[in-house]
Structure formats: structure tokens, C-alpha cells
Amino acid sequence: EPFLAPGFSFDEESDAADGEYYATNGFDGGGPMTFVMYQDINVCPCAELTWQDRIWYSHGGEPRTFEVQLRNPENNELLETLYAFTTEPYEGSMELKFNDVIAPPGPIENEWQSHTIDISSYAGTNVRLYFLETIPEYFTGPAQIDFDAIAINTNDEDGDGFCDNEDAHPYSDLSEEIRIDGCYPDVDNVLLDNGSTMMDLI
């Protein structure tokens, strides 16, 4: 099933983090209100959640929040908050912030921020991946939030349903042997086991 994203639009832009499209939403509104984007998933062994976002805002009043949660797809009850972002409203003079950094004078590039979270403790279960924005007040200043490259990745390379030493280390290149190139000439080229380092093998 695709993401359900009421209130979001999917823009075709040259500055998408991945592919041609990204989800975008005005991180603002006639609050109190929320925006949600979610998808029900089955969690694989060794699973990691990855995504990219970028946020800008210039508002006063109460802080706004963005959270990435896991919920029970049967009743929508919260299982765990994986990530939380809270804005820092200006006090007094207006400030423009990008991901909580005050914008300097002149043009600025709002860079995509990358996130990785281990969700392997939920392996074998169905969960609802839930992106939640909370706007506590009525139009206290402009903002925008964008999302892209949302993915569930797994390091269960041998497909046995377990994360163990039979799986190659996630930073290994499975397409070729690791080359030591003469530094330790008596050691054969090998793939790293999951959780090990090169020093474990020499």
C-alpha cells in the first residue's frame, strides 16, 4: 500500500533528495491541528528505517513538533516515538531558521538531513510507520517541511531471518573481496562478518 498523506503534495522538483518527487507540506496552519503521513509495513529482520527531511520556519508562539512514530495498525495506538523535532519560535524580532539554525544574511541552501533508526526489535510484526506534525496554534508564522527517500533497509544478507555472523557487515561491499593491498600480506582477502571490524580478522 502507498503512503496515505492527506494534506501533503508530491512535487516534481530538481532538488529532490532521491528520484524525481518528494512530499512537501506547509508546517503551519489554522491550529490546533495535525498533519499525518503513514504506511502499514511488515518489519523484516535487521531492519533500519531511513529517510531525509528538510525544515524551515519563522514563527512565534508555541513550538511545533514533528515526530516519526511506530503505531499499532489495528487500533492506531502509539508503540514508540522513534524521532522527534521541536521548533524554537522566535522571541521579539523575527528569525528565519533552517532545521533550527538561524539563517545568515543573503541566499542560503536548505540542505536535506539524513536519518537512520534501527527498528529490528519489531521484526516479524506489522506496524504503522507514522509521520506526525502538530501545529498547536492558529497561523503564528510560515514554515515548510519536506520528506524524501523513506525506506526500510535490511542487513539480513543471507535471508535466514536472523541478524548474525553469517550476514556480511553492512559496510562491506558484497560484490568484491576486501583488499588489504600488502599492509598485512599473510591475510587472505575476506568479507567482514556482521558487527566485526578488519582488526578482528588479523
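**Aromatic pairs and the nonpolar core**

Modeller: Ring pairs join Trp51, Phe66, Tyr83, Phe131 and Phe147 into a cluster, and I should say at once that this is a predicted model.

Colleague: How many aromatic pairs turn up in the whole structure?

Modeller: A search of the whole structure finds nine aromatic pairs. One of them is formed by Tyr138 and Phe139, whose rings meet edge-to-face, with 4.8 Å centre to centre and 85 degrees between the planes.

Colleague: And Tyr138, is that buried or exposed?

Modeller: Tyr138 counts as exposed because its relative accessibility is 58%, and the cut-off for exposed is over 50%. Phe139, with a relative accessible area of 48%, is partly exposed.

Colleague: Switching to the core, which residues have the most contacts inside the largest nonpolar one?

Modeller: That core has 26 residues, and those with the most contacts inside it are Trp51, Phe66, Val68, Ile119, Phe131 and Phe147. In soluble globular proteins, nonpolar side chains tend to be buried together.

Colleague: Which elements give two or more residues to this core?

Modeller: They are β3 (33-42), β4 (47-57), β5 (65-71), β6 (78-86), β10 (126-135) and β11 (143-154). The largest share, five residues, comes from β4.

Colleague: Different topic: what lies over the face of Tyr22, and what over that of Tyr130?

Modeller: Arg54 lies over the face of Tyr22, at 5.0 Å from the ring centre, while for Tyr130 the residue over the ring face is Arg71, at 4.1 Å from the ring centre.

Note on methods:
Residues numbered from 1 in each chain as written. Predicted model: local features only at pLDDT ≥ 70, side-chain atom pairs only at ≥ 80, totals over all residues. Heavy atoms only, no water. Phe/Tyr/Trp six-rings, centres within 6.5 Å; stacked < 30°, edge-to-face > 60°. Buried < 20%, exposed > 50% of the residue type's maximum accessible area, 1.4 Å probe, protein only. Lys NZ or Arg CZ within 6 Å of the ring centre and 35° of its normal. Core = buried A, V, L, I, M, F, W, Y, C linked by side-chain atoms within 4.5 Å. Helix = DSSP H or I, 4+ residues; strand = E, 2+ residues; numbered from the N terminus.
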